[in-house]
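Thanks for making the time this morning. I would like to take you through one model, starting with a single residue and then moving on to the open and enclosed spaces and two of the helices.

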Amino acid sequence: MSAAEGPLVVGVDTSTQSTKALVVDAATGRVVASGQAPHTVSSGAGRESDPREWWDALGEALNQCGEVAHEAAAVSIGGQQHGLVTLDGRGEPVRPALLWNDVRSAPQARRLIDELGGAKAWAERTGSVPSASFTVTKWAWLAEHEPEAARAVKAVRLPHDYLTERLTGEGTTDRGDVSGTGWWASGTEEYDEGILARVGLDPALLPRVVRPGEVAGTVRDGHGLPFSKGTLVAAGTGDNAAAALGLGLRPGVPVMSLGTSGTVYAVSQRRPADPTGTVAGFADARGDWLPLACTLNCTLAVDRVAALLRLDREAVEPGTDATFLPFLDGERTPNLPHSSGLLYGLRHDTTAGQLLQAAYDGAVHSLLGALDLVLDADADPSAPLLLIGGGARGSAWQQTVRRLSGRPVQIPEAKELVALGAAAQAAGLLTGEDAAAVARRWNTAAGSVLDAVERDEATLNRITGVLSDAAPLLERDVTSH
């Protein structure tokens with residue numbers, strides 16, 4: 001291994017299923033070492049994780065990186081958005097964290113929208129219309145269903161905040177991640193005390209919002225991780241904002257991320273406020289905005305369909321009129337939190353491979369339906385769609401996106417873009433550079449480009465029609481009967 005040209009930094013991605021750590025040369029962007037460790041998510045009605053598992057996984061991932069982790073001059077943590085972490089006076093979790101894909105708070109989301117002036121008022125106030133994914137709805141659910149736990153809470157954090165605080169001893173967050181809570185006003189970039197009062201949450205329990213480029217703190221003693229005391233700690237951010245940093249994203253360039261959840265987003269210099277709630281008006285980690293639409297069902301749902309059919313995930317076959325809406329965990333885009341998977345158009349000659357392709361089509365249709373709303377009106381419609389996330393390496397995903405989007409599709413060679421974006425944020429602390437400029441210097445978005453093909457309008461229209469006709473069925477909460 002050749003010596004690093006510049007100082008070393010660590011970028012972390014604490015995602016739904018695992019924590020990944022990269023040791024990166026700040027001068028070149030070369031990944032010097034990496035590690036990954038899993039954590040568990042509950043099954044059943046809710047989706048919960050013990051935050052202490054994230055910390056243990058971070059330690060394991062860093063240990064896998066070896067001695068070079070000790071040399072890091074700065075560290076930053078990117079993490080899954082929206083999760084509600086509740087801590088007691090000793091900094092210990094009051095209960096397991098409620099994760100982004102826990103949709104039990106759908107009734108609280110509907111009630112909060114009505115109580116605070118409707119969807120348009122929410123969009124103008126916070127940039128987004130809250131769904132069951134948003135942290136504010138999870139707090140409302142907790143206060144209603146577990147009031148004793150809510151009363152015991154002395155600090156409320158997001159997943160990346162929790163790990164950052166354990167490093168520094170200080171409660172901090174950043175504008176990118178806090179913009180997904182539902183209690184941060186995007187117009188003033190401050191906590192919205194009216195919303196907090198409505199849900200009974202004391203603003204004193206919330207972390208300080210660190211500005212872009214500002215140091216969140218330094219590593220303290222007694223953490224048990226391979227960092228020296230005094231190592232700089234960046235603000236960190238939510239996973240999508242971190243991936244945008246990792247790509248060095250410029251305004252107007254569309255991104256589709258294929259992971260456990262699917263997202264489409266682009267950087268914008270205009271503050272978004274979509275009253276339909278399809279587009280979340282998130283802030284980015286730099287000072288711009290990151291309008292984003294998210295689906296709950298992406299690679300995990302399609303892989304589940306493949307497993308049920310006893311097929312390899314790549315074993316798709318063309319030529320079916322069957323429509324498969326793979327809404328296995330309820331859905332956020334479209335907003336159908338109580339929905340389940342739906343298959344329509346099955347025939348005697350429909351093959352298992354065609355059913356699998358229909359599941360891919362259904363998942364991508366949901367994302368593409370939101371893409372035009374995410375992009376500014378003056379965005380270049382012929383710009384390549386950057387395809388990232390675990391699914392981006394799969395041929396079936398690539399070809400489905402290409403066929404249904406009608407755009408050129410670019411697949412960056414760089415992996416672990418959330419952790420790379422966090423590393424770029426850490427590097428920016430050392431060099432004084434904008435984090436996205438650091439990533440562009442590292443050339444992280446470079447990769448093969450698949451040429452555009454004619455868009456498959458027939459399939460898109462068929463799925464749209466089935467979704468529209470089936471909406472009353474998909475909106476039903478079957479668990480309440």
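**Contacts, pockets and helices**

Leaving aside its neighbours within four places in sequence, T231 is in contact with A72, A73, A74, V75, G217, T218 and V219. Before I go further, please keep in mind that this is a predicted model, and that everything I quote has been computed from it. T231 sits in the loop between β13, residues 215-218, and β14, residues 232-234. Is T231 buried or exposed? Its relative accessibility is 5%, and because the cut-off for buried is under 20%, T231 counts as buried. The side chain of T231 also reaches the backbone oxygen of S228, at 2.7 Å.

A second loop residue to look at is H82, which lies between β5, residues 74-79, and β6, residues 85-87. H82 has a relative accessibility of 3% and so counts as buried. If we do not count residues up to four places away in sequence, H82 touches W100, S133, F134, T135, K138, L158, D177, G180, F282 and R332. With R332 there is also a polar contact, in which the side chains of H82 and R332 are joined at 3.4 Å.

R332 takes us to the pockets, since R332 is among the residues that lie nearest the centre of the second largest pocket, together with P130, S131, N335 and P337. That pocket holds about 440 Å³ of space, and its lining comprises 32 residues. By class, these divide into 19 nonpolar, nine polar and four charged. Both α2, residues 106-115, and β19 supply at least two residues of this lining, and α2 gives the most, with four.

Let me turn to the largest pocket, whose volume is about 960 Å³. Of the 42 residues that line it, L258, G259, T260, G389 and G390 are the closest to its centre. The elements that give two or more residues to this lining are β2 (18-25), α9 (239-246), β16 (255-258), β17 (262-265), β19 (289-295), α10 (299-308), β22 (385-388) and α13 (417-431). Which of the elements gives the most to the lining of the largest pocket? The answer is α9, with three residues. As for the classes, the lining of the largest pocket has 14 nonpolar, 19 polar and nine charged residues. You may have noticed that β19 is named for this pocket and also for the second largest one.

Next come the enclosed spaces, where the count comes to three cavities of 30 Å³ or more. The largest cavity contains about 60 Å³ of space, and its lining is made up of D174, R175, V210, R211, P212, G213, E214, A234, A235, A285, Q425 and L429. Sorted by class, that lining has six nonpolar, two polar and four charged residues.

Two helices deserve a closer look, beginning with α13, which I have already named at the largest pocket. The 15 residues of α13 should span 21 Å at 1.5 Å a residue, and its end C-alpha atoms are 20 Å apart, which agrees. This helix is mostly covered, in that 13 of its 15 residues are buried. After α13 comes G432, whose phi is positive, near 80 degrees.

The other helix is α1, residues 51-65, which has 15 residues and reaches 22 Å from its first C-alpha to its last, close to the 21 Å expected at 1.5 Å a residue. At its start, a side-chain oxygen of D50 reaches to within 2.9 Å of the backbone nitrogen of R52. The buried residues in α1 are P51, W54, W55, A57, L58, G59, A61, L62 and C65. Just after α1, G66 takes a positive phi of about 80 degrees, and a positive phi near 80 degrees is also what I quoted for G432 after α13.

I will finish with a residue at the surface, D372, which is placed in helix α11, residues 352-374. Its relative accessibility is 62%, and because exposed means over 50%, D372 counts as exposed. D372 and Y265 are 107 residues apart in sequence, and in space they are 9.9 Å apart, C-alpha to C-alpha.

Conventions:
Residues numbered from 1 in each chain as written. Predicted model: local features only at pLDDT ≥ 70, side-chain atom pairs only at ≥ 80, totals over all residues. Heavy atoms only, no water. 1 Å grid on protein atoms, 1.4 Å probe; cavity = no way out; pocket = protein on both sides within 12 Å on 5 of 7 lines; lining within 4 Å. Points joined across faces, edges and corners; volume = space filled by probe spheres on them. Nonpolar A, V, L, I, M, F, W, Y, C, P; charged D, E, K, R; others polar. Buried < 20%, exposed > 50% of the residue type's maximum accessible area, 1.4 Å probe, protein only. Polar contact = N/O pair within 3.5 Å; in protein donor to acceptor, adjacent residues only side chain to side chain. Contact = heavy atoms within 4.5 Å. Expected span 1.5 Å × (residues − 1).
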